[in-house]
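Work through the exercises below with the model open in a viewer. Each task is followed by a solution in steps.

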Amino acid sequence: MATADTQPPAEPVGLPDYLLDPDATLKDASANWRYGRAPDYTKTRKVFNETKTMNHEAQSLPSLVENLVKNWEVEASFKSDINDWRTIDRPNYTFAINGGPPQSAEHMLQVGTYNAIISANEFYDPKNSDFASSHKTFKRMMPTFAWEVLEVYSGPPVVAFKWRHWGTMKNDYVGFNDKGEKVTAKAHGGQINIQGITVAKVDDKVRLQSVETWFDPLEMFRQIAPNGIVNKVAVKLGEGETISSQIPGDEEGSAVAEPASSEETRKVHEEMSNISKAECPFLANKE
C-alpha cells in the first residue's frame, strides 16, 4: 500500500522542533535525565542511516511522524520527570498495546518501556523484571535497536502508520519468563526485525494523545531463538539479591540500577542508551 498523499506545509513555519529533528529532545539541557544527562544516540542513528529501508523526503508526512516517535521514545526512556515530556498532551495521553487497557505516562515511567509493551510469555515476563533488569536484558542483547516508519496511511489528527524496529543480536539474551525461570539464548549475530501498526491521535501542536499499537511480541523472541534452543533454569533469589543482579551487565560488568551520581552508571548509560525501545512505538521501543 502506498504512503498517504497527505502532505505537511511546504515551509516548516510553526512546526515544533520534535517534528523536524529526530534528536530535538536530546538537546533539552534543563530536563531531568534518568542518568544525569542526555543519552548518546550516535551509534543507533548511524545504524539507522546505514540499514534503513525507506528514505523519506524531509518535511514529508512520513518524516514528521518518524521524528515525532523518535523524540517520544527518548523522553519515555530517559526523561524521569513527565513534566519534561514535550511530545505528549499529558492530560489526554494514553498508550495501549494490542487492544489492551490504556496505560498512563506515569505507568510507563515506573515500569519502563519494555515492560509496558511486552506481555508475559515463555521467554519474558514483565512481572519478573524491573525497570533496570529490563533495560539490561534487551539493550545488552542488542546495543542498537533502530526504528523507521514504513508507510503512513492517514494524517493528523489521527495518524495511522506501519513501522519497523530492528537490530543485531550481539550478546546472549538473558531474562525471566512467566514461570520465574531464567531464560538464556545464545547470541547468533543475526538481525532481529519486527514490524507493527500504530494509530495515534494528536492535538493541534502534534503532541501524542491516545496511542494504540499492534504487533506480535513473540516475533522478536522467535528470532532470538530461531531454532527454539534456549536454556531455562529455576532461580530462587537469595537474601539481598535482585532480579537485576541475575542478569549480566554489559562488557564492562556495569549495572543500570546504580545511582545517577555513580561514574560507573554514567559509563553504562553511554553504552546502553544507544538503543531505541519502541521509539518503539512506539516503544512501544527504541531508535
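## Exercise 1: a pocket

The second largest pocket of this predicted model has a volume of about 250 Å³. Task: find which residues lie closest to the centre of the second largest pocket, and which elements give two or more residues to its lining.

Solution.
- Step 1. The lining of the second largest pocket has 19 residues, and those closest to the centre are Pro22, Phe48, Ser63, Glu66 and Asn67.
- Step 2. Two or more lining residues come from each of α1 (17–20), α2 (42–51) and α3.
- Step 3. Helix α3 gives the largest share, five residues.
- Step 4. Sorted by character, the lining has seven nonpolar, six polar and six charged residues.

## Exercise 2: the chain and its cores

Task: state what share of the chain is buried, and which residues touch the most other members of the largest nonpolar core.

Solution.
- Step 1. Count the elements: the chain has eight helices and eight strands.
- Step 2. Of the 287 residues, 54% are buried.
- Step 3. The exposed surface of the chain is about 12,500 Å², and 50% of it is supplied by carbon and sulfur atoms.
- Step 4. The largest nonpolar core has 53 residues; Phe138, Phe161, Tyr173, Leu208, Met220, Phe221 and Ile224 touch the most other members.
- Step 5. Helix α3 (residues 61–78) supplies the largest share of this core, seven residues.
- Step 6. Another core lies apart from it and has eight residues, including Trp33, Tyr35, Val74 and Phe131.

## Exercise 3: helix α6

Task: decide how many residues of α6 are buried, and what the side chain of Ser133 makes a polar contact with.

Solution.
- Step 1. Begin where the helix starts: a side-chain oxygen of Asp130 comes within 3.3 Å of the backbone nitrogen of Ala132.
- Step 2. Ser133 belongs to this helix, which spans residues 131–141.
- Step 3. The cut-off for buried is under 20% relative accessible area. Ser133 has 0% relative accessibility, so Ser133 counts as buried.
- Step 4. The side chain of Ser133 makes a polar contact with the side chain of Ser129, at 2.8 Å.
- Step 5. For the helix as a whole, 11 of its 11 residues are buried. Charged side chains are on that list too: Lys136, Lys139 and Arg140 are among the buried residues of α6.
- Step 6. In an α-helix, residues three or four places apart point the same way, because there are 3.6 residues a turn.

## Exercise 4: the loop between β2 and β3

Task: say whether Gly155 is buried or exposed, and which peptide bond in this region is cis.

Solution.
- Step 1. Gly155 sits in the loop that joins β2 (145–154) to β3 (158–168).
- Step 2. Gly155 counts as buried because its relative accessibility is 15%, below the 20% cut-off.
- Step 3. Gly155 and Leu61 are 94 residues apart along the chain, yet their C-alpha atoms are separated by 7.4 Å.
- Step 4. The peptide bond from Pro156 to Pro157 is cis, with omega near 10°. Pro157 is in the loop between β2 and β3.
- Step 5. For context, most peptide bonds are trans.

## Exercise 5: backbone angles and loop contacts

Task: find where Gln59 and Val206 lie, and how far Lys205 is from Asp89 in space.

Solution.
- Step 1. Most residues other than glycine have a negative phi.
- Step 2. Gln59, in the loop between α2 and α3, has a positive phi, near 70°. With 27% relative accessibility, Gln59 counts as partly exposed.
- Step 3. Val206 also has a positive phi, near 55°, and is found in the loop between β6 (191–202) and β7 (208–215).
- Step 4. Lys205 lies in the loop between β6 and β7 and counts as partly exposed, at 49% relative accessibility. C-alpha to C-alpha, Lys205 and Asp89 are 8.8 Å apart, with their positions 116 residues apart in sequence.
- Step 5. Lys127, in the loop between α5 (113–117) and α6, is exposed, with a relative accessible area of 75%. Its C-alpha atom is separated by 7.9 Å from that of Asp178, 51 residues apart along the chain.

Terms used. Residues are numbered from 1 along each chain as its sequence is written. This is a predicted model: local features need pLDDT of at least 70, side-chain atom pairs count only at pLDDT 80 or more; totals for chains, interfaces and linings use all residues. Side-chain values use heavy atoms; hydrogens and water are left out. Helices (H or I, at least four residues) and strands (E, at least two) are DSSP runs, numbered from the N terminus. Buried means under 20% relative accessible area, exposed over 50%, partly exposed in between (1.4 Å probe, protein chains only). Accessible areas come from the Shrake-Rupley method with a 1.4 Å probe; for residues, only the protein chains shown count as cover. A nonpolar core is a set of buried Ala, Val, Leu, Ile, Met, Phe, Trp, Tyr and Cys residues joined through side-chain atoms within 4.5 Å. A polar contact is a pair of N or O atoms within 3.5 Å; within protein, one must be able to donate a hydrogen and the other to accept it, and residues adjacent in sequence count only if both atoms are side-chain atoms. On a 1 Å grid over the protein atoms alone, a cavity is a set of points where a 1.4 Å probe fits but cannot get out, and a pocket is an open set with protein on both sides within 12 Å along at least five of seven lines; lining residues have an atom within 4 Å of a point. Grid points are joined across faces, edges and corners, and a volume is the space filled by probe spheres set on the points.
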